Amino acid sequence: MESRIANLERRVEKNEQKSSETHKEFYNRVRALEIARAEQGQQYTTILEKLEDLTGKVSTLSKGLSDIQAEPGRTWKDLKGKISWAVIAAVITAVMAFLLDKIGL
């Protein structure tokens with residue numbers, strides 16, 4: 001009977017030791033997951049900050065691109081205006097020359 005009791009005590013001790021090790025392992029795994037989650041949260045925050053910064057830069061570049069695309073149209077419009085004034089000036093000069101020629105000057 002004594003040997004049976006000793007055997008049962010050893011089995012209980014082994015089970016307690018194994019249970020303690022299993023609990024430690026679970027706690028270590030939970031701790032590792034918590035640390036990984038905290039790192040993931042920080043990474044997510046960093047990604048959002050960089051995305052916000054990139055969004056601002058893209059908006060700025062988009063506005064600059066729109067200005068560049070509008071520039072040839074503006075230049076063509078300015079050129080048409082200058083050509084119109086040159087034609088009007090040439091017509092006025094021709095009329096004045098014709099009139100001066102008729103007058104004899």
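Let's start at L79, which has its place in helix α1. In this predicted model, L79 counts as partly exposed, because its relative accessibility is 40% and the partly exposed class lies between 20% and 50%. L79 also belongs to a nonpolar patch on the surface, together with W76, I83, W85, V87, I88, V91, I92, V95, M96, F98 and L99. Taken together, the residues of this patch have about 1200 Å² of accessible area.

Now follow the helix to E2. Helix α1 covers residues 2–103, and E2 has its place there too. With a relative accessible area of 65%, E2 is exposed, since exposed means over 50%. E2 joins E9, E13 and E16 in a surface patch of negative charge.

Step back, and you can take in the protein chain as a whole. It has one helix and zero strands. The chain is more spread out than a compact globule, because its radius of gyration is 45 Å, well over the 13 Å that the globule rule gives for 105 residues. Along the principal axes, the C-alpha atoms fill a box of roughly 150 × 15 × 10 Å.

What share of the 105 residues counts as buried? The figure is 0%. The accessible surface of the protein chain comes to about 10100 Å², and carbon and sulfur atoms account for 62% of that surface.

Finally, a word on charge. The protein chain carries 17 positive and 15 negative side chains. The centres of these two sets lie 6 Å apart.

Technical notes:
Residues numbered from 1 in each chain as written. Predicted model: local features only at pLDDT ≥ 70, side-chain atom pairs only at ≥ 80, totals over all residues. Heavy atoms only, no water. Patch = residues over 30% accessible without salt bridge, like charges linked within 9 Å, V, L, I, M, F, W, Y side chains within 5 Å. Areas by Shrake-Rupley, 256 points an atom, 1.4 Å probe, with all protein chains shown as cover. Salt bridge = Lys/Arg side-chain N within 4 Å of Asp/Glu carboxyl O. Lys, Arg positive; Asp, Glu negative; His and termini not counted. Charge placed at Lys NZ, Arg CZ, Asp CG, Glu CD. Helix = DSSP H or I, 4+ residues; strand = E, 2+ residues; numbered from the N terminus. Buried < 20%, exposed > 50% of the residue type's maximum accessible area, 1.4 Å probe, protein only. Rg over C-alpha atoms; globule rule 2.2 N^0.38 Å.
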